[in-house]
Amino acid sequence: MSKKRKQYSSEFKAKVALAAIRGEETVPELAARYGLHPTQINNWKRQLIEQAAEVFSKDQSAGKADTSTKDDLHRVIGQLTVERDFLARKLNH
């Protein structure tokens with residue numbers, strides 16, 4: 001039976017990546033402390049550095065994209081509900 005991959009929360013990833021950026025401990029020390037592979041810590045550190053500018057951007061387009069996606073999904077759910085009700089009524093006749 002295969003092992004399931006461990007999934008870490010975004011808060012945990014940020015905490016470990018920030019600790020790696022601070023440099024108070026080396027990456028191998030952090031890996032031993034948190035039970036991670038050093039490559040994983042370096043990947044999270046790189047992602048944090050690359051995406052740090054997005055946190056301070058004035059254009060909060062990510063939030064707007066989520067809203068439009070939610071609106072589209074709600075519209076599709078409504079349409080499917082109407083179609084299901086229609087077919088259920090036709091089936092009962």
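Glu-25 is partly exposed, because its relative accessible area is 26%, above the 20% limit for buried and short of the 50% beyond which a residue counts as exposed. The model is a predicted one. Glu-25 sits in the loop between H1 and H2. Leaving aside residues up to four places away in sequence, Glu-25 touches Leu-30 and Arg-33. Ile-77 lies 52 residues from Glu-25 in sequence. The C-alpha atoms of Glu-25 and Ile-77 are 50 Å apart in space.

**Overall form**

The protein has 4 helices and 0 strands. Read from the N terminus, the order of elements is α-α-α-α. The protein is more spread out than a compact globule, because its radius of gyration is 23 Å, well over the 12 Å given by the globule rule for 93 residues. The C-alpha trace spans about 70 × 50 × 15 Å along its principal axes.

Burial and contacts add to this picture. Of the 93 residues, 12% count as buried. Among contacts with a separation of 6 or more, 48% join residues 24 or more positions apart. The accessible surface comes to about 8,300 Å². Carbon and sulfur atoms hold 55% of that surface. The protein carries 17 positive and 12 negative charges. The mean positions of the two sets are 6 Å apart.

| Property of the protein | Value |
|---|---|
| Radius of gyration | 23 Å |
| Accessible surface | about 8,300 Å² |
| Carbon and sulfur part of the surface | 55% |
| Residues that count as buried | 12% |
| Distance between mean charge positions | 6 Å |

**The nonpolar core**

In soluble globular proteins, nonpolar side chains tend to be buried together. Here the largest nonpolar core has 11 residues. They are Phe-12, Val-16, Ala-17, Ala-19, Ala-20, Val-27, Leu-30, Ala-31, Leu-36, Ile-41 and Trp-44. Helices H1 (10-22), H2 (27-34) and H3 (38-55) each supply at least two residues of this core. H1 gives the largest share, 5 residues.

Which residues does Ile-41 touch, not counting those up to four places away in sequence? The partners of Ile-41 are Val-16, Ala-20, Val-27, Leu-30, Ala-31 and Leu-36. Each of these partners is listed in the core, as is Ile-41. Leu-30 also links back to the opening residue: Leu-30 is touched by Glu-25 and by Ile-41.

Key
Residues numbered from 1 in each chain as written. Predicted model: local features only at pLDDT ≥ 70, side-chain atom pairs only at ≥ 80, totals over all residues. Heavy atoms only, no water. Rg over C-alpha atoms; globule rule 2.2 N^0.38 Å. Buried < 20%, exposed > 50% of the residue type's maximum accessible area, 1.4 Å probe, protein only. Contact = heavy atoms within 4.5 Å. Areas by Shrake-Rupley, 256 points an atom, 1.4 Å probe, with all protein chains shown as cover. Lys, Arg positive; Asp, Glu negative; His and termini not counted. Charge placed at Lys NZ, Arg CZ, Asp CG, Glu CD. Core = buried A, V, L, I, M, F, W, Y, C linked by side-chain atoms within 4.5 Å.
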